[in-house]
Amino acid sequence: MTLQGKTIICLLDDEFEDLELWYPVYRVREEGAVVLFAGPEKGRTHIGKYGVPAKADLSFDEMDGSRIDGLLVPGGWAPDKLRRYPQVLRLVQEMDEARKPIGQICHAGWVLISAKILQGRKVTSTPGIRDDMENAGAVWYDEAVVVDGNIVSARRPPDLPPYAKAFVDALRS
């Protein structure tokens with residue numbers, strides 16, 4: 001229960017990668033953190049690529065980076081939608097400026113690209129968006145997990161155990 005008193009926001013939209021959302025959420029909950037799902041509309045249920053639902057506890061308009069300790073951005077096709085919301089990009093920028101942990105896996109790198117926070121940062125992602133990450137100024141590594149300051153990044157579902165551990169560790173410090 002090393003994360004008691006911590007609050008994490010996990011971003012939601014349709015077609016998130018089920019494991020990439022739920023695995024880190026359960027890990028931080030196991031450590032005592034509260035996880036709030038934020039989506040375009042409070043109370044709306046979003047369905048993952050494989051049919052697992054998640055319901056938004058708050059809307060993007062209700063997100064406040066000063067009241068949370070970390071941010072999770074799942075992969076799947078949801079990041080392509082999430083990066084189109086100015087409130088999401090503002091939150092990512094706020095979290096980065098405050099040096100609060102941002103966890104991103106697989107295609108979630110698209111959200112960080114659109115928030116324009118990757119210049120000179122070391123990251124990983126699904127190899128399919130490597131060019132996008134590098135074109136945004138990131139230094140890309142083909143490793144299970146890359147931690148650069150407050151950004152914790154991973155490639156894909158097989159990397160979830162070390163990714164979740166690295167995110168929990170980032171929240172502890």
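A polar contact is taken here as a pair of N or O atoms within 3.5 Å; within protein, one atom must be able to donate a hydrogen and the other to accept it, and residues adjacent in sequence count only if both atoms are side-chain atoms. By this criterion, a polar atom of the Lys 6 side chain lies 3.1 Å from the backbone oxygen of Leu 171.

The model is predicted: local features need pLDDT of at least 70, side-chain atom pairs count only at pLDDT 80 or more, and totals for chains, interfaces and linings use all residues. Residues are numbered from 1 along each chain as its sequence is written, and side-chain values use heavy atoms, with hydrogens and water left out.

**Annotated region and sheet**

The UniProt record, an unreviewed entry, carries the annotation "domain: DJ-1/PfpI" over residues 7–169; such annotations may be inferred rather than shown by experiment, and their positions are given in the numbering used here, with feature names shortened. Over residues 7–169 the chain is 32% helix and 24% strand, and the end C-alpha atoms are 15 Å apart. Helices (H or I, at least four residues) and strands (E, at least two) are DSSP runs, numbered from the N terminus.

Seven strands form an open sheet of mixed pairing, in the order β5-β2-β1-β6-β7-β11-β10. Its edge strands are β5 (58–59) and β10, each of which pairs on one side only. Two strands are said to pair if DSSP finds at least two bridges between them. Strands β6 and β7 run parallel and are joined by three bridges, with Leu 71 opposite Ile 102 in β7. Strands β7 and β11 are also parallel, with four bridges; Ile 105 has Ala 154 of β11 as its bridge partner. Strand β10 (residues 145–148) pairs with β11 in the antiparallel sense over four bridges. In that pairing, Val 145 is the bridge partner of Ala 154, and Val 146 stands opposite Ser 153. The hairpin of β10 and β11 has two residues between the strands, and Gly 149 takes a positive phi near 65 degrees there.

Both faces of β11 are covered: Ile 151 and Ser 153 on one side, and Val 152 and Ala 154 on the other, are all buried. Buried means under 20% relative accessible area, exposed over 50%, and partly exposed in between (1.4 Å probe, protein chains only).

**Helix α3 and the nonpolar core**

The 12 residues of helix α3 (residues 86–97) should span 16 Å at 1.5 Å a residue, and the end C-alpha atoms are 16 Å apart, which agrees; the expected span is 1.5 Å times one less than the number of residues. The buried residues of α3 are Gln 87, Val 88, Leu 89, Leu 91, Val 92, Met 95 and Asp 96. Their cover includes β1 (7–11), β6 (70–73), α2 (78–82), β7 (102–105), α4 (109–114) and β11 (151–154). After α3 comes Arg 99, with a positive phi near 60 degrees.

A nonpolar core is a set of buried Ala, Val, Leu, Ile, Met, Phe, Trp, Tyr and Cys residues joined through side-chain atoms within 4.5 Å. The largest such core has 58 residues, and those with the most contacts inside it are Ile 9, Leu 11, Val 28, Met 63, Leu 71, Val 92 and Leu 118. Helix α6 (residues 160–172) gives the most to this core, with seven residues. Contact means heavy atoms within 4.5 Å. Not counting residues up to four places away in sequence, Ile 9 touches Leu 36, Ala 38, Leu 58, Met 63, Ile 68, Gly 70, Leu 71, Leu 72 and Leu 91.

**Three polar residues**

| Residue | Location | Relative accessible area |
|---|---|---|
| Lys 6 | segment before β1 | 23%, partly exposed |
| His 46 | strand β3 (residues 45–47) | 0%, buried |
| Gln 104 | strand β7 | 0%, buried |

Lys 6 and Val 34 are 28 residues apart along the chain, yet their C-alpha atoms are separated by 6.3 Å. Beyond its neighbours within four places in sequence, Lys 6 is in contact with Ala 33, Val 34, Asp 69 and Leu 171.

The side chains of His 46 and Asp 14 are joined by a polar contact of 3.0 Å. With neighbours within four places in sequence left aside, the contacts of His 46 include Leu 12, Asp 13, Asp 14, Phe 16 and Gly 39.

Gln 104 touches, among others more than four places away in sequence, Val 73, Thr 124, Met 133 and Tyr 163. Its contacts also include Val 152, Ser 153 and Ala 154, which are among the buried residues of β11.
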